[in-house]
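Visitor: I would like to go through this model and ask what stands behind each label.
Guide: Here it is.

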Amino acid sequence: MADQNKTQMLGGAPTADPNKTVMGAAPSINTTVTIKPVQCPVCKSFNPPGIMFCNDCGLIFEKALDGDAFGAPAVQLPCLVDQSGREHQLRPGPNVVGRQGDVAIEDTRVSRRHAEVALNGFDATVQDLGSTNGTKVGDETIAQGETRALSPGDVVSFGGYEMTFSSPGETNKTQQALSGRTAAIAIPPTVHTAVAWLVLDEGEEVPLSPGRYTFGRRTDNDVVVSDPYVSGRHGVFEVDETGVYLTDTGSTNGTVLNDAKITADQRTQLQKEDVIKLGERTIRVRFKEA
């Protein structure tokens, strides 16, 4: 007969201490961790993990600190920069360059596995892998199987397709934030004088005569903006007898006018003291005095 003064537990005693944390299974040291590249949701291009903007269209993935949580400086590996200004990231160890390489080049002059660029710490070398059209560093041709050391600023020709070995962002530093090149204008102004000027954040002024000026990160624009958050073809400035107009032609990160983001494809007339923000760049328009 059970003692009526004892507390009875229905269903029996617990099989495990409910206050203990139970680990289902310990992690295995043989588990392979795959680091996947980041695919841009806008242009669908793949980017190396850890970067904060798309190398192709400039979409901002995230805001990153200058260093890590312990104050260590961020390590930036060298890269190959093509003629459009796009930076192709390199990882430690061997990197195959070619139409089917780690650094993919869509050019018929380039072999599928054209050359190998190897990073060993801060040292870098390039080796031709038996390409059809050869590899050059500067004006010197590399023999098949020959290894040649690379220095920052070296121009490497992969079968005629040239890329510059550089630190991330270094190539853009050597360019002006905005360039007043007008050679690409369909009908260059010949008799018109400047009616307004783009005043850059460095104090430089770019004259604007009547005409149409494309601007963006690509070097074939009339006005080149060397900022990773600016799209390759970001927008257009238009100048006529009625004034100066700004149009964002569907950029990834947009254009800010007086702290307000303007609508894509909306032609907006600029006024005195207007402030334009393109990524980290600030632009003002100075009009000719009447």
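The conversation below takes up confidence, strand pairing, backbone angles and salt bridges in turn.

Visitor: What kind of model is this, and what is its average pLDDT?
Guide: The model is predicted. The protein averages a pLDDT of 76, and 68% of the residues score at least 70. On the scale from 0 to 100 that pLDDT uses, confidence is highest in strand 12, at 94, and lowest in helix 1 (residues 170-173), at a mean of 51.

Visitor: Which stretches stay under 50 in pLDDT?
Guide: Residues 63-74 do, and the model has eight contacts for them beyond four places in sequence. Residues 172-192 also stay under 50, with 38 contacts beyond four places in sequence. Where pLDDT is low, the predicted coordinates should not be read in detail.

Visitor: What makes strand 4 and strand 10 edge strands?
Guide: The open sheet has six strands in the order 4-3-13-12-9-10, with antiparallel pairing. Strand 4 (87-89) and strand 10 (140-142) each pair on one side only, and that makes them the edge strands. On average, neighbouring strands of this sheet are turned by 30° against each other, with direction ignored.

Visitor: How do you know that strand 9 and strand 12 pair?
Guide: Pairing calls for at least two bridges. Strand 9 (residues 135-137) and strand 12 (residues 155-158) are joined by three, so the condition is met. The two strands run antiparallel, and Lys136 stands opposite Ser157 in strand 12.

Visitor: Which strands pair with strand 24?
Guide: Strand 14 (residues 196-200) pairs with strand 24 (residues 281-287) in the antiparallel sense over five bridges. Val199 has Arg284 of strand 24 as its bridge partner. Strand 23 (residues 275-278) also runs antiparallel to strand 24, joined by four bridges. There, Lys277 stands opposite Thr282. Set against the cut-off of at least two bridges, five bridges qualify for strand 14 and four for strand 23.

Visitor: What is the phi of Gly279 in the hairpin of strand 23 and strand 24?
Guide: Gly279 takes a positive phi near 60°, and the hairpin has two residues between the strands.

Visitor: Why are Asp259 and Asp265 singled out for their phi?
Guide: Most residues other than glycine have a negative phi. Asp259 has a positive one, near 70°, and Asp265 has a positive one, near 65°. Asp259 lies in the loop between strand 20 (256-257) and strand 21 (260-261). Asp265 is in the loop between strand 21 and strand 22 (268-269).

Visitor: Why is Asp259 called exposed?
Guide: Exposed means over 50% relative accessible area. Asp259 has 77%, so it counts as exposed. Asp265, at 59%, counts as exposed by that cut-off too.

Visitor: Why is the contact of Arg233 with Asp220 called a salt bridge?
Guide: The limit is 4 Å between a side-chain nitrogen of Lys or Arg and a carboxyl oxygen of Asp or Glu. In this pair the closest N and O atoms are 3.6 Å apart, so the pair qualifies. Arg233 lies in the loop between strand 17 (223-224) and strand 18 (235-240), and Asp220 in the loop between strand 16 (211-216) and strand 17, so the salt bridge ties together parts that are 13 residues apart in sequence. At 35%, Arg233 counts as partly exposed, as does Asp220 at 38%; partly exposed is what falls between 20% and 50%.

Visitor: What does the pair of Asp240 and Arg267 tie together?
Guide: Their closest N and O atoms are 3.5 Å apart, in a salt bridge. Asp240 lies in strand 18 and Arg267 in the loop between strand 21 and strand 22, so parts 27 residues apart in sequence are tied together. Asp240 is partly exposed at 24%, and Arg267 is partly exposed at 43%.

Visitor: What makes Glu140, Glu146 and Arg148 one network?
Guide: Salt bridges that share partners join these three residues. One of them is between Glu146 and Arg148, at 3.0 Å from N to O. Glu146 is partly exposed, with a relative accessible area of 28%.

Visitor: How many salt bridges does a search of the whole structure find?
Guide: The search finds nine.

How values were computed:
Residues are numbered from 1 along each chain as its sequence is written. This is a predicted model: local features need pLDDT of at least 70, side-chain atom pairs count only at pLDDT 80 or more; totals for chains, interfaces and linings use all residues. Side-chain values use heavy atoms; hydrogens and water are left out. Axes are lines fitted to C-alpha atoms, for helices over the stretch in contact, and angles run from 0 to 180 degrees between N-to-C directions. Buried means under 20% relative accessible area, exposed over 50%, partly exposed in between (1.4 Å probe, protein chains only). pLDDT is the predictor's confidence in each residue, from 0 to 100. Contact means heavy atoms within 4.5 Å.
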